[in-house]
Amino acid sequence: MEVTATWYLVLSAVLFSMGFVGLLVRRNPLIMFMCIELMLNAVNISFVAFSNALDDIAGRTAVFFVLVVAAAEVVVGLSLVVALMRRRPSLSVDDLTSLRG
Amino acid sequence: MLDIAWLIPAFPLLGFVLLVLFGRRLGEPFAGWLATIASAGAFVSTVVVFFGLAALDTAERFHLVKLFTWIDVGSFTVDAGLLVDPLSITMCLFITGVGTLIHLYSVGYMHGDPNFSKFFIYLNLFILSMLLLVLGDNLLLTFLGWEGVGACSYLLISFWFSDESNASAGKKAFVTNRIGDFGYMLATFLVFVELGSINYDDIVSRAGELGSRSATLIVVLFLLAAAGKSAQLPLFVWLPDAMAGPTPVSALIHAATMVTSGVFLLTRLNPILAEAEVWSTGLVAWVGALTALFAATIAVAQNDIKRVLAYSTVSQLGYLFLAVGVGGYVPAIFHMVTHAFFKALLFLGSGSVIHGLHQEQDMRRMGGLSKLMPITAMTFIVGWLAIAGVPPFSGFWSKDEILLYAWNYDGLGGPAGGKVLWAIGLVTALLTAFYMTRQVILTFFGRTRFFDVRAEEIAAAWEARFATLDLSIAEANEVEEHALSAVEKARNEVSKREEALAKAEEKLVAAREAVAASDASADAHVKLVKALERAEGAVPKAEEAVLKAEEKLIALVGEVEEAAVYGKELQTARVDLRNSRRATPMPPSQVTARTEAPVLDDDLSEYVPESYHRRQEYHPHESPWTMTLPLIVLALLAAAGGGLNLPFTSELHFLEHWLEPSLFGHEVHVTASASTKWILAVVAVLVGLIAIVASFRVYMAGAVDPARVEPEGAARAWYVDETYAGFFGGPGRALFDGLAGFDRGVIDGAVRAVARGTVALAQGMRALQPGFVRSYALGIGLGSVLVMVWFMGRLFV
């Protein structure tokens, strides 16, 4: 049985949905971070799948951008999480509502 | 050569910047020298540009120097550029030339002022603004200069702002000028709407595209602007008050340069004036003529040496408007130049007088200064002859030209209208010669009245004398009261003594009875006899005491009477003093060269206040060379300035030929015959001479009481200020309150309503920001899904 692009796309969709649902239902910021990473990498998979299928380098290039942006975002996000952890004993994002309108 | 025109404003700009940065450190007199050099640099560059311009063909004398693009919005482009043409360079020549002389003069005049360097900062800034005003190649750059000179004028009028009246004079000038500026702005907007450009270049070449209606409206609005800046009816009220500033400022700003900018503006816009309907230019002429006459009548009755010159300036500016209105741009510029010479000269001369007389400005207290200040007097006399229109001094030529053009005018009201304008101009010339002669006589001839005791000093001496007398009256009253109470006491004493006497007598009677009744042999009898003897002795003693007390009483009563008599004498003396005060003549409010010194009788002289004695020790003196040199230079210019445009042959019309390229053939040409011209000139000279002779009769010979030629109304400027104050304080106030109410209710209300609406909207939108990160994530997710669905839908439909 040949592994076509469709397989990868399905995998990507499944991973993305897992990430998204995780983002919505979990309250721990660290876990939510992981979920976001999951979603990003799901997208990366679909990028690579399409790139391969269409024989176009642009898709793979985009992946690098996503990786770089994700790395930068992790740096900022994790430092925020660490700073918050220091201040509060238990951490739930639902408690962080100081920007409420 | 013309491209160095940017140097002209650059010099004062550099001077201004340097003085702002280092002025205080430079101090006196170096800050003044720096400013003078900056102004002189501008003058030298102007002369260079002038020769460059003169070397060109007549047709090419309209040169634009673009510095940079200032504003570029849509179709609206304004360059910061200079327009070098005969008109602007003529203005620059006398602005920088006269300006430099006044800078030099100020170095002497402002000697010892704590804000010496600040004064020169303002002066250089003023020169810069004025140069931008005349050199700007568009209405906006001119407006920048226009506002700049207004601001400098404000700063300099209230230069000595610690005095409340100086500060409010500055405010008055500023506020009055704002009314004119309003006209300027509206006119500029209108020009832009009509022509799509505010460059003079376009205005000149495309003025014909303006309809006569809008051209008329533009002219009227610019007339309002010019009337504000050039102090014409009805906005002239600020200029006499502007004399509160230091005298060099009055000379530079309020006589020679800034106030002529209205005339310059109207001359610059001559293509628009040519398009406008006849009545609007006629209005310019009539405003000028009426202002000239009106201000001249006021100047006749002023006693402040600078106020006379201030009203004289208003009057002469009226001449300039008259000239512009009748189409005589050349005589207008000609008179503007000669006026700059002689009026700056007169102002600086009056400043020299004020400086030499310890800040005294009242002409009634001057007199006889020609001996004490010979240079000032000589130069002032040259200025007087120039403004009075005595040939061959400069004022004669330029004023005569204006009168000739007025005679020639046949626009509004036809030829008869021109004759009326001419007659008004002639009467003004008569008044001008009259009040200027008065000023010269009162200031420089006759007795030196500076040392005279002054009316207010006499009044103060009388007050002091009355106060002393009142003090002794009070003392006498006190003595009398004191004596009265002593009399009262003495009376009590007398009655007490009398009682004692009565008691003693009673005792005596009782003792006698007791002795008679008693048994002579008893022991007690001896005692009783002794008592009787004692009682007999006590009675004469008591009698003596009564007598003494009565004597004392009589003496005291005498004292009281004496005190009462003395008090009465003092009262009579007071009445006498009041009568003699009423009988003593006060120094007259109007003086002549023959007015005698007010007498101060010996009794009064010891009460004269300190100021009088201080003045006796002060020596009026000639000013230093920094002040007299500008006077001499200006006197030469004022004497010879007529040579700029002699009327005899066409070749001698230097100024007319020079200005031709700036006027585009819009100037009127006089059609009167040579004989008419001669007759008009002779009439003008005769009128001037009659006025001078009349003034000599009144003020030198004392043939007529000056009070008869100086009406009270004229001295109070025909109550214009009071009327304005009454109107704007009364009915005007209600109107402004109404407008302010409209502003608060409707305009501010609308603004506040918008603000409240925004707040309400924001309140509603707060619900969208709960602060839960996960709900945001859900929102983003759902949004993405919606976007995707929409794209899919587009793909398949």
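**Entry 1: a leucine in helix H8**

I began with B:Leu221 and found that this residue is buried, because 21 other C-beta atoms lie within 10 Å, where 20 or more are needed for a residue to count as buried. I note at once that I am reading a predicted model, and that every value below is computed from it. B:Leu221 belongs to helix H8 of chain B. I then looked for what surrounds B:Leu221 beyond its neighbours within four places in sequence, and the contacts I found are B:Gly183, B:Leu186, B:Ala187 and B:Leu190. For one of these, B:Leu186, I also looked up the spacing: it is 35 residues from B:Leu221 along the chain, while the two C-alpha atoms are separated by 7.0 Å.

**Entry 2: H8 against H13**

Staying with H8 of chain B, which covers residues 212-229, I looked up its packing with helix H13 of chain B, residues 278-299, and found an angle of about 20 degrees with the axes 9 Å apart. H8(B) is therefore roughly parallel to H13(B), since angles under 35 degrees are counted that way. The crossing of H8(B) and H13(B) is right-handed. On the H8(B) side the contact is made by B:Thr216, B:Val219, B:Val220, B:Leu223 and B:Ala227, and H13(B) contributes B:Ser280, B:Thr281, B:Leu283, B:Val284 and B:Val287. When I sorted the residues of this contact of H8(B) with H13(B) by kind, I had seven nonpolar, three polar and no charged.

**Entry 3: H3 against H15**

I turned next to another pair in chain B, helix H3 (residues 86-109) and helix H15 (residues 329-356), whose axes come within 11 Å and cross at roughly 5 degrees. That angle makes H3(B) roughly parallel to H15(B). The residues of H3(B) that make the contact are B:Thr90, B:Phe94, B:Val98, B:Ile102, B:Tyr105 and B:Tyr109, and those of H15(B) are B:Ile333, B:Val337, B:Ala340, B:Ala344, B:Leu348, B:Gly351 and B:His355. By kind, the residues of the contact of H3(B) with H15(B) divide into ten nonpolar, three polar and no charged.

**Entry 4: a lysine in H15**

Is B:Lys343 buried or exposed? B:Lys343 is buried, because 29 other C-beta atoms lie within 10 Å, and its place is in helix H15 of chain B. Apart from neighbours within four places in sequence, B:Lys343 is in contact with B:Ala255, B:Ala256, B:Thr313 and B:Gln316. I also noted B:Ser312, which is 31 residues from B:Lys343 in sequence and 8.8 Å from it in space, taken C-alpha to C-alpha.

**Entry 5: the covered helix H10**

The contacts of B:Lys343 with B:Ala255 and B:Ala256 led me to helix H10 of chain B, residues 247-256, which is mostly covered, with ten of its ten residues buried. Among the buried residues of H10(B) are B:Pro248, B:His254, B:Ala255 and B:Ala256. What covers the buried residues of H10(B) includes H3, H4 (116-135), H5 (139-157), H9 (238-241), H14 (305-325) and H15 of chain B.

**Entry 6: the nonpolar core**

Which residues have the most contacts inside the largest nonpolar core? They are B:Leu131, B:Phe222, B:Leu322, B:Ala344 and B:Ala638, and that core has 204 residues. I followed B:Ala638 further and, leaving aside neighbours within four places in sequence, found contacts that include B:Phe341, B:Phe342, B:Leu345, B:Val382 and B:Phe393.

**Entry 7: loops and backbone**

I found a cis peptide bond from B:Glu28 to B:Pro29, with omega near -5 degrees, and B:Pro29 lies in the loop between helices H1 (7-26) and H2 (30-54) of chain B. Another cis peptide bond joins B:Pro391 and B:Pro392, with omega about 5 degrees, and B:Pro392 lies in the loop between helices H17 (374-388) and H18 (394-408) of chain B. B:Gln359 is not a glycine, yet its phi is positive, about 65 degrees; this residue sits in the loop between H15 and helix H16 (369-372) of chain B. B:Gln359 counts as exposed because it has 7 C-beta neighbours inside 10 Å.

**Entry 8: between the chains**

Last, I looked up where the chains meet, and eleven residues of chain B are in contact with eleven residues of chain A. The side of chain B that touches chain A divides into six nonpolar, three polar and two charged residues.

Methods:
Residues are numbered from 1 along each chain as its sequence is written. Chains are lettered from A and ligands numbered from 1 in the order in which they are written. This is a predicted model: local features need pLDDT of at least 70, side-chain atom pairs count only at pLDDT 80 or more; totals for chains, interfaces and linings use all residues. Axes are lines fitted to C-alpha atoms, for helices over the stretch in contact, and angles run from 0 to 180 degrees between N-to-C directions. Helices (H or I, at least four residues) and strands (E, at least two) are DSSP runs, numbered from the N terminus. Angles under 35 degrees count as roughly parallel, over 145 as roughly antiparallel, 65 to 115 as roughly perpendicular and the rest as oblique. A crossing is left-handed if the near helix is turned anticlockwise from the far one by less than a right angle, and right-handed if clockwise. Two residues are in contact if their C-beta atoms, placed from the backbone, lie within 7 Å. Ala, Val, Leu, Ile, Met, Phe, Trp, Tyr, Cys and Pro count as nonpolar, Asp, Glu, Lys and Arg as charged, and the others, Gly among them, as polar. A nonpolar core is a set of buried Ala, Val, Leu, Ile, Met, Phe, Trp, Tyr and Cys residues joined through C-beta atoms within 7 Å. A residue is buried if 20 or more other C-beta atoms lie within 10 Å of its own, exposed if 12 or fewer, and partly exposed in between; C-beta atoms are placed from the backbone.
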